[in-house]
Amino acid sequence: MKEKLVVIGNGMSGLRVIEDLLELENDKYDITVYGDEPYVNYNRIMLSYILSQEKTFEDTIINHQSWYDENNITLNKGDKVVSINKEDKTITSKSGKIESYDKLLIATGSNPFIPTTPGSDLNNVIAFRNKADVDTIISTIDKSKTAVVVGGGLLGLEAAYGIAMHGVKTILVHRSGSILSQQLDTTGGRLLQKNLESYGIEFKLNTTVKEISGTTEVETVTFSDGKSVESNIVVFATGIIPNKELAIDAGLESKKGILVDDFMKTSDESIFAVGECVEHNGNTYGLVAPLYEQGKVLAKKLAGKEVEGYSGSTLSTRLKISGVDLFSAGDYLGDETTEELILLDEKVGVYKKLVIYDNKIIGIVLYGDTADASWYLKLLKEHTDISDLRTKILFGKSALGDSGHGGDDVNSMSDDEEVCGCNGVCKGDIVNAIKDKDLKSLDDVKGCTKAGASCGSCIGLVEQILVNTLGDEYDNTPQGICGCTDKGHAEIKQIIDEGDFDNVYDVFKKAQWKTEDGCAKCRPAVNYYLLAKYNDDKYMNDKRSALVNDRNFANIQKDGTYSVVPRIWGGLTTPKELKDIADIAVKYEVPTIKFTGGQRLDMFGVTKEQLAPMWKDLNDCGFVSGQAYAKGLRTVKTCVGNTYCRFGTQDSMGMGVKLEKLTWGSWTPHKYKIAVSGCPRNCAEATIKDFGVIGVDSGWELHIAGNGGIKVRVTDLLCKVETEEEVYEYTKAFMQFYREDAYYLERTAHWIERVGLQYIKDDMLNEEKRKYWAARFDESQKSAQVDPWAKAIEDGFTKEFDKIVINPEDSHSFEPKGV
Amino acid sequence: MAWYKITEVESIPSMGSRIVKIGEIEIAIFKTKDGSIFAINNICPHKQGKLSEGLVHENVVTCPLHNWDVDLASGEALGNDSGCTNVYESKIEDGLVYLNFITK
Ligand SMILES: Cc1cc2nc3c(=O)[nH]c(=O)nc-3n(C[C@H](O)[C@H](O)[C@H](O)COP(=O)(O)OP(=O)(O)OC[C@H]3O[C@@H](n4cnc5c(N)ncnc54)[C@H](O)[C@@H]3O)c2cc1C
Ligand code: SF4
Ligand code: SF4
Ligand code: FES
């Protein structure tokens with residue numbers, strides 16, 4: 001027999017628990033819900049939008065009757081539960097139903113608090129809490145009268161705005177000197193007030209309502225400053241009180257709210273409570289985000305799953321008024337022990353304040369520009385030390401390292417940044433859901449992740465993520481990698497993975513290419529995928545499928561000459577090596593020698609015929625190819641480190657040489673650069689490399705997926721390790737994961753933007769997977785660490801570099817047979 | 001116009017090329033996958049890239065500098081690009097490659 005679960009309250013938190021529970025376990029309970037209001041479950045938050053006429057009631061319904069039916073949930077709407085008998089385990093409803101339960105969930109929300117005011121019992125003195133209130137407001141307000149809203153908090157402002165949108169003169173009365181004082185400091189409050197005044201709201205600050213008068217209905221409102229106004233409606237938004245009477249009557253322990261433990265259990269074994277009606281650890285909450293967090297814990301508990309207890313929430317809020325961007329979180333006021341970073345532009349209406357304590361963000365106020373809200377919130381929640389970001393942080397994430405992400409906020413968001421504050425949904429959750437569950441529309445995403453399903457202020461962001469993630473698929477025409485095929489990289493990789501191929505042409509046949517030979521786009525890609533799959537020992541790299549640099553092992557320049565770069569391990573050389581290079585350069589009359597950005601010597605202006613003899617001479621002096629042309633490891637750049645530098649904490653030169661010896665050789669989807677700095681001063685610029693290693697006192701920081709190209713991208717921190725062995729293991733694992741997972745010609749920076757940091761962390765921070773990738777790297781290096789120059793000479797390839805010279809004067813003109 | 005003997009067919013790599021220098025002219029001789037030989041002025045109609053270093057597919061070479069596709073038979077740039085470079089008559093006889101060009 002199924003257990004019987006009875007829910008009191010058909011509101012936002014109670015029903016969310018049921019939704020979460022059904023996801024985990026849909027056959028464990030017989031569920032019955034009692035709701036005081038005569039409706040199915042609707043989104044209370046959206047009442048503000050109904051009032052401002054931006055949404056209809058239909059838009060706000062979360063679960064229709066059909067949902068209750070499909071899930072065999074009995075809904076008693078418009079029926080209030082009047083008592084709980086915990087000894088008999090029954091409840092009694094107003095209509096007289098007596099229902100027994102095995103488990104009971106109290107989710108009765110809260111009641112509006114209306115301060116005792118003469119005349120507050122008149123008709124049309126109401127709160128702003130439920131659908132009925134909104135109906136009353138809309139049917140009462142009158143353009144010839146003034147509406148009065150009491151309370152300058154979120155709810156009061158939204159009420160005033162909603163009413164003002166009907167063209168009704170609205171006065172907002174607020175007890176203190178600055179509106180939204182629970183969320184905003186005075187500067188922010190002032191800017192917001194100015195903005196709202198432009199909608200026709202009149203503010204009366206430091207004022208209260210002294211008296212409301214009228215016969216049966218509101219006629220006049222008198223304020224504490226002695227002034228009065230003719231009015232026909234007063235809306236109180238002056239706070240809420242947890243709705244705990246039922247629980248108190250039943251003998252459950254309660255203080256401000258119904259007391260619950262970390263698993264939302266009340267003082268009775270079988271009775272749980274969630275939402276605004278509860279008090280957890282001394283706190284009550286009036287926003288959905290924490291309530292949903294509580295709900296998640298409770299759902300798992302009810303499903304009988306392992307779960308960590310609820311431990312309280314960091315609150316953040318947004319104001320749902322069109323055209324007003326406002327965000328605040330944490331301790332936004334600060335005190336004498338805190339510092340403030342402030343950016344204020346009154347004219348444009350932008351205000352940003354970060355409250356800092358001990359180099360960490362503890363409070364955020366954003367007004368007018370909330371694009372970086374989730375980033376700041378993440379820094380706050382993760383207690384990130386922001387010393388290094390201080391000077392730029394207020395300009396937002398895009399200002400860091402001039403990363404060229406400007407305006408494209410979805411792309412610059414990392415996976416663990418929160419998109420939907422109400423439901424605690426991060427970007428990564430949305431991206432994964434779209435990929436894993438094959439979601440195609442905004443509604444799918446809302447339904448599946450709940451992102452955007454509550455207060456709705458993040459919906460634009462969610463949609464951008466959807467478009468970005470689906471990319472081509474969004475308009476339903478998957479794009480091929482070139483004109484030869486309709487298939488994209490993912491599909492081609494899969495075909496290669498699943499089959500067995502000797503050469504690129506077999507892949508073309510299998511995958512039904514439209515051309516026989518492919519082209520300069522697809523052939524190098526397929527050749528790369530085969531190399532990455534089989535390594536150099538089981539697959540012959542097809543030089544004719546490589547572009548010029550990768551084929552000729554040198555970089556072609558615009559005049560058709562080449563540049564030659566010998567490998568200089570870790571950027572460290574010797575007088576002898578320099579002398580050898582100089583001698584060779586003199587011998588071949590190299591016109592230009594340049595130090596490269598990657599600390600190598602680049603000899604320019606070498607002709608194709610000179611390549612082989614020059615390589616031979618370099619080989620003879622002990623040099624191998626620096627692979628400055630390769631889609632593979634280019635250079636490991638190092639700073640001087642603790643060998644000489646007074647700041648150095650680690651031997652960056654030694655580490656750099658070792659890493660270069662470890663990683664040179666095998667092909668990667670695109671060029672790959674590493675740098676090692678000996679301390680966080682980062683002289684080797686490790687944070688714009690594909691893989692950056694930075695020595696710190698306690699070991700090494702490993703950074704990934706930076707790029708110093710057209711679009712600068714600063715690395716993401718992968719992790720911190722203590723030993724050199726760990727550095728090697730991560731270096732190998734990350735490079736191999738990139739080799740096998742990324743698309744051809746996709747730099748690590750683009751790869752990470754596509755798959756997300758979390759995806760990479762999942763494999764890199766998991767020991768078993770990391771070891772797997774590192775071992776595969778070792779395997780691939782075995783056949784790859786062969787000097788391409790020496791090999792090209794040895795196997796005769798360089799013969800074709802020579803020109804065939806014909807002197808028409810000396811040679812005989814020749815009449816072939818048949819002509 | 002006269003035919004000149006250039007080299008053995010085998011010394012031109014399949015789907016690759018060799019550069020032939022005749023006086024001041026540089027000609028790229030290509031061998032396509034099916035073994036056909038093409039001779040073309042080694043200058044891309046776009047910005048003088050060395051076509052000899054391009055990737056060969058069917059009867060087309062993709063210039064190594066900016067990826068123009070140039071038809072080996074006609075010397076014309078393909079697709080949306082326009083431009084043309086000289087081509088030369090060639091033939092294979094007894095395993096040898098011959099080129100027909102004007103000497104001055
Ligand atoms: C206009 C408005 C705007 C808001 N905007 C935001 C916002 O932008 N962001 C945000 O996070 N939060 C916002 N909130 C707050 C948010 O709606 C609440 O925090 C949330 O609804 C609380 O959920 P709950 O389940 O605890 O209570 P409720 O959603 O109120 O559900 C409780 C339900 O229980 C019913 N009930 C009570 N007693 C009984 C009984 N004895 N028997 C049967 N049924 C009973 C009630 O009728 C009610 O339907 C807003 C609230 C309002 C009113
Ligand atoms: S990064 Fe640190 S150790 Fe390296 S050179 Fe700069 S200051 Fe010195
Ligand atoms: S920055 Fe531009 S000009 Fe300079 S080497 Fe790179 S591609 Fe050439
Ligand atoms: S020079 Fe050939 S494409 Fe530009």
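A salt bridge here is a side-chain nitrogen of Lys or Arg within 4 Å of a carboxyl oxygen of Asp or Glu. Keep that cut-off handy for the exercises below, and bear in mind that this is a predicted model.

**Exercise 1. The salt bridge and its surroundings**

Decide whether Lys33(B) and Asp517(A) form a salt bridge, then describe the contact between chain A and chain B.

Solution.
- Start with the distance: N to O is 3.6 Å for the side chains of Lys33(B) and Asp517(A). The cut-off is 4 Å, so the pair qualifies as a salt bridge.
- Next, the count: chain A and chain B have three salt bridges between them.
- Polar contacts come on the list too, with 13 residue pairs across the interface, both residues at pLDDT 80 or more.
- Now see which elements of chain A are involved. Those giving two or more residues to the side that touches chain B are α17 (522–538), α18 (548–552) and β36 (804–806).
- By class, that side of chain A has 16 nonpolar, nine polar and 14 charged residues.
- Finally, the extent: 39 residues of chain A and 35 residues of chain B take part in the contact. The two chains bury about 3,000 Å² between them, with 58% of it on carbon and sulfur atoms.

**Exercise 2. A sheet built from two chains**

Work out the strand order of the seven-stranded open sheet, and say which strands stand at its edges.

Solution.
- Begin where the chains join: β36(A) runs parallel to β2 (residues 16–22) of chain B, and three bridges link them. Within this pair, Ile806(A) has Ile22(B) as its bridge partner.
- Walk on from there and the order reads β36(A)-β2(B)-β3(B)-β4(B)-β8(B)-β9(B)-β1(B), with mixed pairing.
- The edges are β36 of chain A and β1 (2–8) of chain B; each has a single partner strand, so one side of each lacks a neighbour in the sheet.
- As for twist, neighbouring strands are turned by 30° against each other on average, direction ignored.
- Zoom in on one pair in chain B: β4 (residues 37–41) and β8 (residues 87–93) run antiparallel, joined by two bridges. There, Ala39(B) sits opposite Tyr88(B).
- Just past that pair, Asp94(B) lies in the loop between β8 and β9 (96–101) of chain B. Its phi is near 50°, positive although the residue is not glycine.

**Exercise 3. The four-stranded sheet of chain A**

Find the edge strands of the sheet that holds β27, β28, β29 and β30 of chain A, and name the helix packed on it.

Solution.
- The sheet is open and antiparallel, in the order β27-β28-β30-β29.
- Pairing on one side only marks the edges: β27 (555–556) and β29 (592–595) of chain A.
- Helix α20 (608–620) of chain A packs on this sheet and touches β28 and β30 (601–606); its direction makes about 145° with that of β30(A).
- To check a pair, take β27(A) and β28 (residues 562–564), antiparallel over two bridges. Ile556(A) has Tyr562(A) as its bridge partner.

**Exercise 4. Positive phi in chain A**

Where do Lys89(A) and Lys450(A) sit, and what is phi for each?

Solution.
- Background first: most residues other than glycine have a negative phi.
- Lys89(A) belongs to the hairpin of β4(A) and β5(A), with four residues between the strands, and has a phi near 60°. These strands pair antiparallel over four bridges, and Ser83(A) stands opposite Thr92(A).
- Lys450(A) sits in the loop between α13 (442–449) and α14 (459–470) of chain A, with phi near 75°.

Conventions. Residues numbered from 1 in each chain as written. Chains lettered and ligands numbered in written order. Predicted model: local features only at pLDDT ≥ 70, side-chain atom pairs only at ≥ 80, totals over all residues. Heavy atoms only, no water. Pairing = 2+ DSSP bridges. Contact = heavy atoms within 4.5 Å. Axes fitted to C-alpha atoms, helices over the stretch in contact; angles between N-to-C directions. Buried area = accessible area lost by both parts, 1.4 Å probe. Polar contact = N/O pair within 3.5 Å; in protein donor to acceptor, adjacent residues only side chain to side chain. Nonpolar A, V, L, I, M, F, W, Y, C, P; charged D, E, K, R; others polar.
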